Amino acid sequence: MAELEKLERDFRLFSQFNGKASPLYGRLALSIADDPELMTLLHAAPEQQQIPVLLFAAMHDLLLRGDGAELAAFYPNLSSSVPDGDPFPVFRRVALANLSALQATIASRNTQTNEVGRCAYFLPVFGIVADEVGPLAQLDVGASAGLNLYWPSYAYRYKDGRSVGAGSTVELSCSTRGEPPIPQTMPKLSHAIGLDMSPIDVRDDEAVRWLEACVWPDQEGRFQRLVSAIEIARKSPPDLRQGDAVANVGALVEEVSAFGHPLVTTSWILSYLTEEQQRAFVAALDDAATRHDLSWVVAEAPAQTPGLPIPGDEQITVISLVTWRSGERSVRRLATAHPHGSWLNWESPTP
Ligand SMILES: C[S@@+](CC[C@H](N)C(=O)[O-])C[C@H]1O[C@@H](n2cnc3c(N)ncnc32)[C@H](O)[C@@H]1O
């Protein structure tokens, strides 16, 4: 009973806080909160994964498989004309007709993301580093499917009128405040490796579909750019390594440094580590920097990463550049940004 009450509260809170970003899920969540039969589908998941988005992602996955066409009509990313009217009766009907498939997905999957929009806030920082040190050899830690290693293949449109790259199926649009130093040409990337505890293989149809299913259907642009980025990656799959951020970062910095200036990137991964692990991650970079000059672009929320040497205590994304030159570490806080890169507020004076 207490478990059901918690789920009911979680669905109501989900609707309250996310109904604007996702009107479809906001509306469905309110109805699901009154429907114990649907909510208890989440009991198939481990306790910490019993969250509304997992049920929504499992249903989205079912629709992306081609099942539940009558419900797909209500999903803006899957339908050219969404009908008026309440989607919940159809959601319920499709859920009850596919109970065991939904339960199997819920029991076996965690929500996962790989947000290519973040490349829009990485690019100016990559430009700063490349201007100083030349070609970059990137190690993306917490790389997920490795899609943020393909940043030179994407096109960038900053809403202050500047653009970089052209002719890509992935076009990233980002509004700016302040004076971000948008590079005039694409910085050179000489090598790229991704490291992740649970890497997603872009050649694996089921894994890719799940990644797509975790995007909210009202965010059509975000969904489409993910699909397009996956297509780009599938043509030449990334070099992704399975491993742990703290344990493996040092050896991989060593490996990429053979190809150019080692550039470590982390976006929304270090908050998964304990404060002690975060400190150990920084210590591993300090150690690697005794052998090579090194740069690290950090995009994390300082409130969730107290073990990092990043000034600030916000819950939002703060972009910082940490450099080690001749063994000296220096930290520059550069900007705040939307978690998916749709805006960038540059704080630092133009270099
Ligand atoms: C929220 S996703 C962000 C993915 C990607 N950085 C992005 O910006 O789209 C976090 C990723 O960190 C990975 N991760 C979590 N803990 C990790 C660890 N200790 N070592 C390596 N990867 C980890 C997860 O598997 C997941 O792919």
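1. Strands β2 and β3 form a hairpin, with 4 residues between the two strands. Gly-161 lies in the turn and has a positive phi of about 105°. The model is a predicted one, and the points below should be read as describing that prediction. The two strands of the hairpin pair in the antiparallel sense, over 2 bridges. Within this pairing, Arg-157 has Ser-163 of β3 as its bridge partner.

2. Strand β2 (residues 155-158) is also joined to strand β4 (residues 171-177), by 4 bridges. β2 and β4 run parallel. Arg-157 appears here again: its bridge partner in β4 is Ser-173. In general, strands of a sheet pair through backbone hydrogen bonds, either parallel or antiparallel.

3. These strands belong to an open sheet formed by 11 strands. What is the order of the strands in the sheet? The order is β3-β2-β4-β11-β10-β9-β8-β7-β1-β5-β6, and the pairing is mixed. At the edges stand β3 (163-164) and β6 (240-242). Each edge strand has a single partner strand, so one side of each is left without a neighbour in the sheet.

4. Elsewhere in the sheet, strand β9 (residues 317-325) and strand β10 (residues 328-337) run antiparallel and are joined by 9 bridges. In this pairing, Thr-323 stands opposite Ser-330 in β10.

5. On the helices: two packed helices are described by the angle between their axes and the distance between the axes. For helix α9 (residues 205-213) and helix α10 (residues 220-235), the axes come within 10 Å and cross at roughly 160°. Why is α9 described as roughly antiparallel to α10? The crossing angle of roughly 160° makes α9 roughly antiparallel to α10, because angles over 145 degrees count as roughly antiparallel. The crossing of α9 and α10 is right-handed.

6. Which residues make the contact between these helices? From α9 come Val-208, Leu-211 and Glu-212. From α10 come Phe-223, Leu-226, Val-227 and Ile-230. By class, the residues of the contact of α9 with α10 divide into 6 nonpolar, no polar and 1 charged.

7. The last point concerns the ligand. How many residues surround the ligand? There are 18 of them, and the closest are Gly-142, Ser-144, Met-197, Ala-245 and Ser-267. The shell around the ligand has 7 nonpolar, 7 polar and 4 charged residues.

Terms used: Residues numbered from 1 in each chain as written. Predicted model: local features only at pLDDT ≥ 70, side-chain atom pairs only at ≥ 80, totals over all residues. Axes fitted to C-alpha atoms, helices over the stretch in contact; angles between N-to-C directions. Parallel < 35°, antiparallel > 145°, perpendicular 65-115°, else oblique. Left-handed = near helix turned anticlockwise from the far one by under 90°. Contact = placed C-beta atoms within 7 Å. Nonpolar A, V, L, I, M, F, W, Y, C, P; charged D, E, K, R; others polar. Near = placed C-beta within 6 Å. Pairing = 2+ DSSP bridges.
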